[in-house]
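Here are some notes to read beside the model. They take the empty space first and the ligand after that.

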Amino acid sequence: METQNRLGSRIAFGVCGGIAAYKAAESVRLLSQAGHDVHTITTQWGARFIGPLTLEALSGNPCISSDAIDGSMRHIALMREVDLLLVAPLTAETLAKFAHGHADHLLTQSYLAFRGPVVVFPAMNTAMLEHPATQRNLDQLRADGVRVILGESGALACGETGPGRMAEPELIAEVVESVLTQPLPGLKGARVLVTAGPTREALDPVRYLTNRSSGRMGLALARALRNAGAIVTLVHGPINERLPWGTENVAVTSAAQMADAVLSRADDQDVLVLCAAVADYAPVYAAQKLKKDQFDGQLKLNRTQDILASLGQRKRTDQILVGFAAESENVTANARRKLESKNLDLIFANDISRPDGGFEGTENALFALGPNGFCMDLGHHSKTELATQITSIINTKRTTGTL
Ligand code: C5P
């Protein structure tokens, strides 16, 4: 089975002189922790905002600082060896220099000397960002093939609030992972819809029924499929986790809303992966808050629509439909029954009676089942690792038609 390359890569990490440089330290730490070999390059002002010693300690590699110019051409040699150049923060000044091909310091020279992928994370005052000159420079970088990632609007060091904040370190690490992962042939450009999380079924204006799903398995799947090159739509219930970058994220609350969101998009999809823990029953909604002295202790519940089964009935032969099964006994036999009754191409089953049974945690243990008796124990791993395995299985199904 073809797998994605997740081995540690060599990354050149440029740091310019802006207050957001403090986030560079955490970003370097996260990338090093993920197994990457990070080499930092600071501009003269970058080194005044964040000490090269900090970057060296976090990356375990010497920092190339513009203050320490010598005749060694270390930065040019470095750019021959790295897989990715990222710059965070990218200031308006260095952006303008990149856009115009200046080569007046070590970072601008490194940019010009590099033939691989470049990702930049601009950070500046809102007015500076919105200035036509800056927008022209950003457009020029995009036209030159550079990925430009802007952070969310928010409070800025200059006292204003608006766009211009640098992306958070977790987002920087996620973007790097996505850029460095090899696309898979069966998923590159494929349209994939993933559902994740619980649904919430209102009883009255203040109360609801829900379940313990954290959404982590579905989020990990959305990220792994995106990394494999798929165009991912994520339909998610109420979850407290950070949502993926680079996917279309559709927030819903109830099972009925999830059914609408999924069924209205289903025809456009090549693959549908239904990982959400959708409520099977929804209470009859009381428009006024239920009063305890008037409540008889009985809740009337109605079946919700089984989204997966509905998709199974209308599935095109060129679509792949993937379900999940959370079972407390006879795990593989029950999962196989669901695979057949819901007309699925693949089902991933976990044993929720185990103490490490998947719900809420960061790890899970899964079996993969398909038609013709296909059954594979994926083992007990982090949800991120399992998502990579599931992505690889879906890729095999897409490329070979069988398993
Ligand atoms: O039959 P069961 O609910 O155990 O099947 C679980 C699978 O069905 C999961 O893939 C889940 O996302 C999907 N499902 C659904 N709509 C429902 C209930 C479950 O799509 N109403």
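1. The lining of the largest cavity is mixed: 4 nonpolar residues, 1 polar and 3 charged. This is a predicted model. The residues to pick out are A266, D267, L272, L311, R314, K315, Q319 and L321.

2. How much space lies in the largest cavity? About 60 Å³. A search of the whole structure gives 2 cavities of 30 Å³ or more.

3. Now turn to the ligand. The space it takes is the largest pocket. Two elements give two or more residues each to the shell around the ligand. They are the helix α12 (307–314) and the strand β17 (320–327).

4. The shell around the ligand holds 6 nonpolar, 3 polar and 4 charged residues. Which of the 13 residues around the ligand come nearest? They are L274, A276, Q305, K338 and K342.

5. Check the polar contacts one by one. At L274, a backbone N or O atom lies 2.5 Å from an oxygen atom of the ligand. At K338, a polar side-chain atom lies 2.5 Å from an oxygen atom of the ligand. At I307, a backbone N or O atom lies 3.0 Å from a nitrogen atom of the ligand.

6. How much of the ligand does the protein bury? Taken alone, the ligand exposes 450 Å². The protein buries 87% of that area.

How values were computed:
Residues numbered from 1 in each chain as written. Predicted model: local features only at pLDDT ≥ 70, side-chain atom pairs only at ≥ 80, totals over all residues. Heavy atoms only, no water. Near = heavy atom within 4 Å. Polar contact = N/O pair within 3.5 Å; in protein donor to acceptor, adjacent residues only side chain to side chain. Areas by Shrake-Rupley, 256 points an atom, 1.4 Å probe, with all protein chains shown as cover. 1 Å grid on protein atoms, 1.4 Å probe; cavity = no way out; pocket = protein on both sides within 12 Å on 5 of 7 lines; lining within 4 Å. Sits in = over half its atoms within 2 Å of the grid points. Helix = DSSP H or I, 4+ residues; strand = E, 2+ residues; numbered from the N terminus. Nonpolar A, V, L, I, M, F, W, Y, C, P; charged D, E, K, R; others polar. Points joined across faces, edges and corners; volume = space filled by probe spheres on them.
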